[in-house]
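Q: Please take a close look at one part of this predicted model, the open sheet. I would like a connected account of how its strands are arranged and of how far the model can be relied upon.

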Amino acid sequence: MKYKILKLLTISAFGLSILACNNWENVPNFDVEEVEGYRPIYATEGEKEVKTLPPREIEDPGKIYVINDYLLLVDRLKGIHVFDNRNPENPQNIGFIQITGSNDVAVRDNILYADQASDLLAIDINNPENVKIASRVKDVFPFGSQYPQQEGFYFECPDPEKGLVIGWELTTLQSPKCYR
C-alpha cells in the first residue's frame, strides 16, 4: 500500500512539474542581427577605488540609513551620499563614498557592508568623511552586476577581461549572445 501511494505521489509531482514548465518564458532566438538591448559599462581604474569624495548630485537613490549624526543615502552602482544630520529638518550633503558597482549595503556597529560587483566589502565608517576598507572578500556574489536589472531584453555578455561592470546602457546591439 505504501509503495502505491509513493508511486502515485511521484507521478503527480512529475506531472505538476511538466505543467509548470508551460508558464516559463521562452528564450528568444539568438539569430538577431540588430536589436535594442543593454551594453555593460566598465569602471575605469580610478572608479574601482573606494574613497571619500566631495558631495555630488543624487542620480539613482536607494536605501537610507541614519547612523549617529549622519544620514547615508545609497546611489545605486555609484556609492553613498553622506549627510550631516544633526539638524534632521535640514540635512547637509557633506560627501560621497565612492563604491562603484554596489547594488546594496547594510550597516552594523559603524561597519558598512557593501557589494562591489562580485566582492563583499566591510568599510569602517566611524568617520564617514574619511572611510577605510576593513576587509574585502572576493567572489562572494558570483553574478554581481553581470547582467542588467531589466528582464525581457538582450544584452551584450560582459567580458571579464574588460573589468568591473558598473552599469548598463540601453543601446542598439549587433548580434547579442545574452538574454534575460
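A: Strands E2 and E6 run antiparallel and are joined by three bridges. Within this pairing, Leu53 stands opposite Phe96 of E6. The two strands belong to an open sheet of five strands, which is ordered E2-E6-E5-E4-E3 and paired in antiparallel fashion. Strand E2 (51-53) and strand E3 (61-67) form the edges, each pairing on one side only. On average, and with direction ignored, neighbouring strands of the sheet are turned by 25 degrees against each other.

As to confidence, the model is predicted, and strand E6 (residues 92-98) has the highest confidence in the protein chain, at a mean pLDDT of 95. The lowest value falls in helix H1 (residues 2-21), with a mean of 55. Over residues 18-22 the pLDDT stays under 50, and the model has zero contacts for them beyond four places in sequence. Where pLDDT is low, the predicted coordinates should not be read in detail. For the protein chain as a whole, the average pLDDT is 84, and 83% of the residues score at least 70.

Outside the sheet's strands, a further point concerns Asp139, which lies in the loop between strand E10 (132-137) and strand E11 (154-155). Asp139 has a relative accessible area of 59% and is therefore exposed, the cut-off being over 50%. Leaving aside neighbours within four places in sequence, Asp139 is in contact with Ser118 and Asp119. Asp119 is 20 residues away from Asp139 along the chain, yet their C-alpha atoms are separated by 5.0 Å.

Key: Residues numbered from 1 in each chain as written. Predicted model: local features only at pLDDT ≥ 70, side-chain atom pairs only at ≥ 80, totals over all residues. Heavy atoms only, no water. pLDDT = per-residue confidence, 0-100. Helix = DSSP H or I, 4+ residues; strand = E, 2+ residues; numbered from the N terminus. Contact = heavy atoms within 4.5 Å. Pairing = 2+ DSSP bridges. Axes fitted to C-alpha atoms, helices over the stretch in contact; angles between N-to-C directions. Buried < 20%, exposed > 50% of the residue type's maximum accessible area, 1.4 Å probe, protein only.
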